[in-house]
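Student: Hey, got a minute to go through this one with me? I'd like to get a feel for the fold before I set anything up.
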Amino acid sequence: MSDISRGKSGGVSRRSVLKAGAASGLVLATPTIFSSKAHAAGFRNDPGAAKSVTFGFNVPQTGAYADEGADELRAYKLAVKHINGEGDGGMLNTMKPLSLKGNGVLGKKVEYVTGDTQTKSDAARASAKRMIEKDGALMITGGSSSGVAVAVQGLCQEMGTIFMAGLTHSNDTTGKDKKRYGFRHFFNAYMSGAALGPVLEKEYGKERRAYHLTADYTWGWTQEESIKNTTEALGWQTVNTVRTPVGAGDFSQYITPVLNSGADVLILNHYGKDMINSLTQAVQFGLRDKQVNGKQFEIVVPLFSRLMAQGAGPNIKGILGTTNWNWSLTDAGSQAFVKSFGAEYGFPPSMAAHTCYVQALLYANACEMAGTFNPIPVIKALEGFKFDGMGNGATEYRASDHQCFKSVLVVRGNENPTSQFDLLDVVQEVPRSQVEYDPAIFGGELGPYEVAM
Amino acid sequence: MDAIVIQILNGLDKGGAYALIALGLTLAFGTLGIVNFAHGALFMMGAFCAVTVQKLLTISARVRDMSVTFFEAYKETPYLELWWGDTGTTIIEYSVPLSILIAIPVMALVGVVMERGLIRFFYKRTHAEQILVTFGLAIVIQEIIRHFFGANPIPQAIPEIVSGSANVGTMLGLSDTLVYPWWRLIYFCFATVVIGGVFAFLQYTTYGMVVRAGMADRDTVGLLGINIQRRFTIVFALAAVVAGLAGVMYTPVLPPDYHMGMDFLVLSFVVVVVGGMGSLPGAVAAGFLLGILQSFASMNEIKQFLPGIDQIIIYLVAVVIILVRPRGLMGRKGVMES
């Protein structure tokens, strides 16, 4: 009887043959089982030889910030057009230095998928995850809420996918919650406070009593803190700080206590539809007609945009605030973008649209600079990148916290608009030096370049 | 004093909404014995009657805006304004009051269809089954509205003449700085008139008398040869109209969205329970009472000692009342007691 008949073959048992076969099978199957196309070339969603790459636009299409989300999506679509060499090129004509060639990114056509964050962190994370895992998105961008931005940024760090934040104004986004894979072009609450302070002092004096109504999430908290610090440094007293739920709709129960609080300034740390509703209701309750402590009662909206001004109508007239960008700016970059956006949609872009458009271009340009879509060289290309011609003058992506530094606009609701869009008057363009700060004040760690996938 | 008056006023307009919704709920429960979890959806449908009317009145033409020269800008201009100028603008401004005329027949029809098409099959079922089916219906209605109108709140305009504030202080002989928004005062007055109308209908008409008799003893009324079922169907339609009107008039206060019915439903059930199941005066009294309590709870002087009390006061009061007086403030003996 041969060895084979007993299950042996030259000293090799049938069991060991089976084991070896199974092991080989496992080794051969590993790329398919564990990584599919995602990890095959060392980074997630490597397009390899594909002719196109996919960007993920994750914006609020429903919820309190839906108007901003709609405008962000318009801007992203325009950015994709320009990157792919279609249309008039927009800011590609003014951006310096520019590596993009108007033929997509690294010769690949840019495509996109969209998601609805619903202005909710869990929905935004689920949407971003879907775009990365199912749609093969190389980069995620968007959002109109800092709660969402912080949540999605955390997810992107875990997944090794770059996140180019949209409209997020909380100090935390590039402060205690900053991430290596997250980048913010938009300014933040600290900068709003630093820019607004001197103007508030000049307009309303040093002896004021302020009452804050604050959206109850990360952005509201940090804006309240920053504005409070600024106004108290001016000599103002803070009468009260009250948190309100996002999307409250009826703010009357928060506004009526202001009436007899002894405050002579109401600071609305609200954004989007919340700000439109709270401001409208504050005006309806007669706050702007009141005299308190011998002074005219004033309302301040530290962060506002043209879209909000449009929603609030005449109530916004004369109200001070800050903005990241306004369509009325006359620099070449702003004009190129406004012209392009206006021709496409029939109205000017909002600051949310501007920051999202710029973020899409900056990411695409960084890939071109790095010569790869691999996120690590792309991150390194963005860190410390200095650029101009994109609407805010000379700008730098600070390497230590991934926050863009540029000038900040202090604006006032226009008393005499010349058109339906002429709603904000630029009171002052505050230079970068006045709003810059030490990144250490907010703490946080960027985290590693290499992430386990 | 000003602070107290302002909180009372604030509580009255909120309480007006609670009372109107709770009144409809109690009507349906008292007559048909139905625990209608779709009642919040009726409130929301009323609000969307106003949205629909506004959308119809503002059907617009895209007109080139010559004030913008930098690019080709356009303005959405309603046809009513193009055709009739200021008269058209005024008609659009009055879209919410005009919606009342539309909402009454629409909501009555919705009520009849809902009762005849679904609710009547559940009269003899348990309350748990009624809750399940009406809650399911509420979700269906909610999703239909979401499909056609989207998920975002839709702000409603109010007539210019009542967009400001009334100098309540001067009217009451108090401080002349005490003002309150006109529309909220109108809402309170409107709620009072509707509630008064429903009570008068039930109290002073033969029809109402029969309904009340049916609420007390349905079988005996039936034995007298009166078709009490048909009357109850009409009462259900009346409940739908009351909820709908509450929704229409509330739209300038709270921009309506598809979810607003659910937001009010839970509160309204609490109001009904506090007022006493099946008691119409109880529902109204509890509505106003809880509205005022909620308003006072939002005062800084109170929140200083009890942070967050404004968010839970209604539920806290409900717990206390149910513990101390399980039948509610004016509940009838035997209702929901087995």
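Tutor: Sure, starting with a term: a residue is buried if 20 or more other C-beta atoms lie within 10 Å of its own. Also keep in mind that this is a predicted model.

Student: OK, so what percentage of the residues in chain B is buried?
Tutor: Of the 338 residues in chain B, 46% are buried.

Student: And how many helices and strands does chain B have?
Tutor: Chain B has 15 helices and four strands.

Student: Why does the radius of gyration of chain B agree with a compact globule?
Tutor: Because a compact globule of 338 residues would come out near 20 Å, and chain B has 22 Å. Along the principal axes, the C-alpha atoms of chain B fill a box of roughly 75 × 50 × 35 Å.

Student: What about contacts between residues 24 or more positions apart in chain B?
Tutor: Counting contacts with a separation of 6 or more, 75% in chain B are between residues 24 or more positions apart.

Student: Switching to chain A, how is that divided?
Tutor: Into domain 1 (52-187 + 327-405) and domain 2 (190-323). The C-alpha centres of these two domains of chain A lie 29 Å apart.

Student: How many residues does each domain of chain A give to the contact?
Tutor: Domain 1 of chain A gives 20 residues, and domain 2 of chain A gives 20 residues.

Student: Which elements give two or more residues on the domain 1 side?
Tutor: In chain A, those are α2 (66-83), α4 (146-159) and α11 (351-370). By class, that side of domain 1 of chain A has seven nonpolar, nine polar and four charged residues.

How values were computed:
Residues are numbered from 1 along each chain as its sequence is written. Chains are lettered from A and ligands numbered from 1 in the order in which they are written. This is a predicted model: local features need pLDDT of at least 70, side-chain atom pairs count only at pLDDT 80 or more; totals for chains, interfaces and linings use all residues. The radius of gyration is taken over C-alpha atoms; the globule rule is 2.2 Å times the number of residues to the power 0.38. A residue is buried if 20 or more other C-beta atoms lie within 10 Å of its own, exposed if 12 or fewer, and partly exposed in between; C-beta atoms are placed from the backbone. Two residues are in contact if their C-beta atoms, placed from the backbone, lie within 7 Å. Domain bounds come from an automatic or database domain assignment. Ala, Val, Leu, Ile, Met, Phe, Trp, Tyr, Cys and Pro count as nonpolar, Asp, Glu, Lys and Arg as charged, and the others, Gly among them, as polar.
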